Each structure stands twice: as C-alpha cells, then as structure tokens.
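Got your viewer open? Let's take a short tour of some charged side chains, one stop at a time.

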Amino acid sequence: MQDVPTQNSEQPMQEALRHELKYQINPQQYEQLRALGRSRMQIDPYTMNGIYLVRSLYFDTRQHKDYQDTMGGAFARHKIRLRTYGLEEKMFRLEQKFKKGGLSGKRSVLLSPAQAVGVANGEYSCLKELPGHGPKLHKILMRDCYTPALTVNYWRDVFFLPEGNFRMTLDWDVSYGKPECFLSPKTAKMTPGESPTVLEVKFNTEPPAWLYAELAKIGVQLSKNSKYCRGMQKIYGEAE
C-alpha cells in the first residue's frame, strides 16, 4: 500500500476528556463497519481514501510502570508516545494520553523532524523550550526516568461526525518492533502482531443514537485492547 499524507484531522485534545470505547472485531465485521462508516459518516479528508499509516514510539519507566498500570486496570493511568503518520515524517507529535475511569484525554506538543529524532533517542531537553505542554512532558520524562520502549505501526480507517466530536476508527495490520525501528521505518524488521482488528469509538457526551443498534446487529462486543501491552508481550515477553 502506498504512503498516506502525514497531516490529518486527529488534532490534539488539550486536557478535555471524552469517552473512548474499544472492540475487537473479525474480518467480516471489519468489512461491515467500513461500509457503515462510508454510508453514514464522513471520511477523514486528510487520508488516502480514508486510510493512513500510524507510527508510534512508546516510552516507559525502567520498571515498565505504564505497562503494569494498564494491565492492572488502574483507574488513573497514562501512556507517553511519539507519533507520526505515513513514511514522509513531516510532522511529529509527542503525546501523553491519560485515562480516568472511562474517560480519556491527551496533552501533546508538535515536534520538528530534528526534535523528534532527539526525543526518539532519549534526549528530551528540546521540550523545555516548546510552547504549551512541552515543559510538562519534559518534567515527566526526566522525573520518572522514561526511556524509549516499543515501536507500534498499524493502518487506520477513519470516519467522523462533527456533532459531539464523534470518531470511529478501525485499526488493522498491527506490527511491533524495538525502539530503533521507529527511526528507520522503510528498513526496520517489524514483528507481525497477530492482533485482532480494533474498532475504537470516541465521543464527547453521547454517541449517535443509531450506533449501539448497529454494533449489536453486527455482533461486536466491548473488550479491552492495548496495542502497547500486546507489543510488550510480543517483543519482550512481558507477563500477561
């Protein structure tokens, strides 16, 4: 599949919290949901025919605290990741994705390619000079001794409705690699994840009235799914 544009409408959520539901789906359900998205929602205009490649580098403490918190279902937890889209590497975003119960949000800062290379190599000093959440992210990374931990790549179908900031995404063809894979995407040897396709539904207050009826008709069920945790288990043999 060809590269996709690196810019997209997945703009950073600064502090605001919204609902995020995840479902594991099979290939038939994927096709049904993709057809549903194309018939009842809008396609993200910054994608290639509604699809883009997501590349993420996750960071964690030496004790893998974020992994342990996610696996243990901690009420309040977060993950820190460096993310870009496609293979052209024009735009990078360092994100702290946090969850409180059933709600999630993001704090993020945009990085230039040169700044992203430094952060991917564990050099965080540039964050202190960036506007917005840069200094806060620098403090967390340094205080808790975060280091690059895992690369996760996957393809994503994106659909949205402006009302209620509703988004539906379908993530598939997930692969995992060690941190150095993030900076060499065209030559890195990634490990296929053998992971299910994941449906994610995100909204501010209420989803569209028809959503749950359609999901029940297709037969999808709410489930836990963390690409980061699956990757840590796959690459490093972390305990499930």
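First, a bit of vocabulary: buried means under 20% relative accessible area, exposed means over 50%, and partly exposed is in between (1.4 Å probe, protein chains only). Keep in mind that this is a predicted model, where local features need pLDDT of at least 70, side-chain atom pairs count only at pLDDT 80 or more, and totals for chains, interfaces and linings use all residues. Residues are numbered from 1 along each chain as its sequence is written, and side-chain values use heavy atoms, with hydrogens and water left out.

Start by selecting Lys202 and Glu200: both are buried. They also form a salt bridge, with the closest N and O atoms 3.5 Å apart. (A salt bridge is a side-chain nitrogen of Lys or Arg within 4 Å of a carboxyl oxygen of Asp or Glu.)

Keep Glu200 and add Arg156. Their side chains meet in a salt bridge too, 3.7 Å from N to O. Arg156 sits in strand 7 (residues 147–161) and Glu200 in strand 10 (residues 197–203), so this pair ties together parts that are 44 residues apart in sequence. Strands here are DSSP runs of E, at least two residues, and helices are runs of H or I, at least four, numbered from the N terminus. Arg156 is buried at 2% relative accessibility, and Glu200 is buried at 3%.

Now widen the selection to Glu20, Lys22, Lys97, Lys99, Arg156, Asp171, Glu200, Lys202 and Lys227: a network of salt bridges links them.

Last stop: Asp69 and Lys65, a salt bridge at 2.6 Å between the closest N and O atoms. Is each one buried or partly exposed? Asp69 is buried at 17% relative accessible area, while Lys65 is partly exposed at 46%.
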